[in-house]
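Please open the model in your viewer and display the chain as a cartoon. The tour proceeds from the overall fold to a helix pair and then to the ligand.

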Amino acid sequence: MPNKPIPTVGHHFSDILICKQKAWLHYHGDSRLKMKPPARLRAMQVEGQHLEAQIYETRYAGAVKIPGIGTKSNIRSDKTIDAMRKGEPAILQGFVETSLGNGTIDVMERIGKDPGSTVGYSYRVGEIKRSEKLMTAHIMQVSWYTELLEQAFGQKTREAFFFLGGKDDQVHYENLENYRTDYQATKKALFELRDKEEGPGPHLMPACQTCDWRGLCMPQLLTENHPSLLPDLTQNHVMVLKSMGVKQWQDLDTVSDGALTDLGFNTFSIALIRKGRENLGNSYAVLRNNFRAELFDDAAYVSLEFEELRARHRQEDDGHLRPIRIHWTDGENIHSEEIRYDIQGNSQVDLMSLSRKSMLVLYGGADLGAFARIYRQNCQGIMPRLFDLLRFIETHVHVPFVGLELPYVLKHITHKEEKTEGAQRVAAIRVTAEWIARSL
Ligand code: SF4
């Protein structure tokens with residue numbers, strides 16, 4: 001039996017639009033098995049918090065703010081009702097709970113007196129989103145909050161509003177009546193999923209890279225030889241293929257190109273799937289796109305070492321951390337050099353051998369940015385092309401890594417726990433790039 005489902009909340013609506021298994025796990029999964037968000041997602045969450053704080057300060061200074069999730073839900077709910085009864089013009093982080101579920105609402109704006117509402121006023125829901133575009137998931141979420149307000153207090157409001165990220169500081173109003181059919185269908189699907197004893201199962205997709213449940217799903221996909229380990233297969237494709245006897249990726253050998261064409265795959269996709277199947281058989285990387293076989297020819301692999309304690313005290317004026325050592329290799333030998341700094345803070349290191357390479361492969365934006373800075377300070381002329389292997393994997397590699405941090409990637413390739421610090425990091429980058437090169 002799965003765990004008793006938690007109450008439905010706003011993010012269940014975005015979950016189900018991304019991955020049904022994610023929505024099911026958020027109802028029934030053991031939250032202790034959730035993984036921490038990766039660094040990129042954490043940075044985006046911090047951006048979202050800054051945007052929220054900025055909007056609260058500039059537009060809602062002095063508004064009532066309900067305590068957050070550290071406070072008991074009945075206290076949060078009582079404080080929200082109290083503020084509504086007083087007819088507060090704006091309520092931030094209002095908490096509404098009904099038998100259907102609950103919601104924490106970024107902003108509730110008073111519309112006016114409402115004799116039909118048990119608190120005497122009706123309120124309009126507003127959400128703050130860091131994304132520049134309004135998405136279906138945002139509409140579903142505010143529709144849910146609006147329904148909770150209707151259920152709890154009898155108010156009937158059909159309008160909601162959004163503050164979006166980006167340069168546009170306009171408020172976006174939406175008539176939720178236009179989305180009623182989609183919302184009702186999504187809610188029905190969500191509640192049906194909630195009431196199921198088993199989830200639909202994982203499916204490898206780009207969203208897995210940042211999902212809380214990747215630690216649970218990725219090993220399961222590997223153990224099951226799941227067909228979604230092949231690129232370009234949607235959940236619907238896998239369902240139809242299952243009915244044709246394809247239960248594992250190896251079974252796709254029994255499906256002709258003609259049958260794949262009938263399923264809607266074009267020639268490019270079929271070639272990609274066949275190539276993916278071949279690579280899986282060889283334990284190579286599976287790619288979502290085609291690349292020239294010479295991608296890593298004449299490349300050198302580079303990593304930087306930041307000494308944390310020293311770096312904290314020696315941040316450059318622009319806030320960037322200073323690397324203290326560089327490691328690089330284009331073959332078996334690893335070269336390491338200390339990076340010194342003059343009194344003006346300019347780095348001093350010999351990068352002559354690297355300047356002759358056509359491409360330098362690094363892992364992640366921090367190394368890439370720091371390397372570009374020290375290169376400009378130490379070498380004249382054109383910088384070799386800098387290639388971010390992390391970004392490449394994020395975008396083009398279709399493999400169930402538990403995380404995109406180098407230790408996870410290396411473990412997937414070598415099946416061993418290996419250190420990826422100091423000079424070992426550059427060796428790990430080379431092993432990863434060579435593994436991808438074999439699959440091209
Ligand atoms: S890791 Fe992937 S398959 Fe699993 S719940 Fe998350 S998005 Fe779905």
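Begin with the whole chain, which holds 16 helices and 13 strands; helices (H or I, at least four residues) and strands (E, at least two) are DSSP runs, numbered from the N terminus. This is a predicted model, in which local features need pLDDT of at least 70 and side-chain atom pairs count only at pLDDT 80 or more, while totals for chains, interfaces and linings use all residues. Residues are numbered from 1 along each chain as its sequence is written. Along the principal axes, the C-alpha atoms fill a box of roughly 80 × 65 × 35 Å.

Next, select helix H1 (residues 10-18) and helix H5 (residues 136-153). Their axes lie 8 Å apart, and the two helices pack at an angle of about 145°; axes are lines fitted to C-alpha atoms, for helices over the stretch in contact, and angles run from 0 to 180 degrees between N-to-C directions. H1 contributes Gly10, Phe13, Ser14 and Leu17 to the contact, and H5 contributes residues including Met140 and Trp144 (contact: C-beta atoms, placed from the backbone, within 7 Å).

Finally, select the residues around the ligand, among them Cys19, His203, Cys208, Cys211 and Cys217. Helix H2 (20-28) and helix H7 (214-223) each supply at least two residues of this shell, and H2 gives the most, with 3 residues. Colour domain 1 (10-194) and domain 2 (206-281) separately: both give residues to the shell, so the ligand shell lies between them. These domain bounds come from an automatic or database domain assignment.

Definitions and conventions:
A residue is near a molecule or strand if its C-beta atom, placed from the backbone, lies within 6 Å of it. Two residues are in contact if their C-beta atoms, placed from the backbone, lie within 7 Å.
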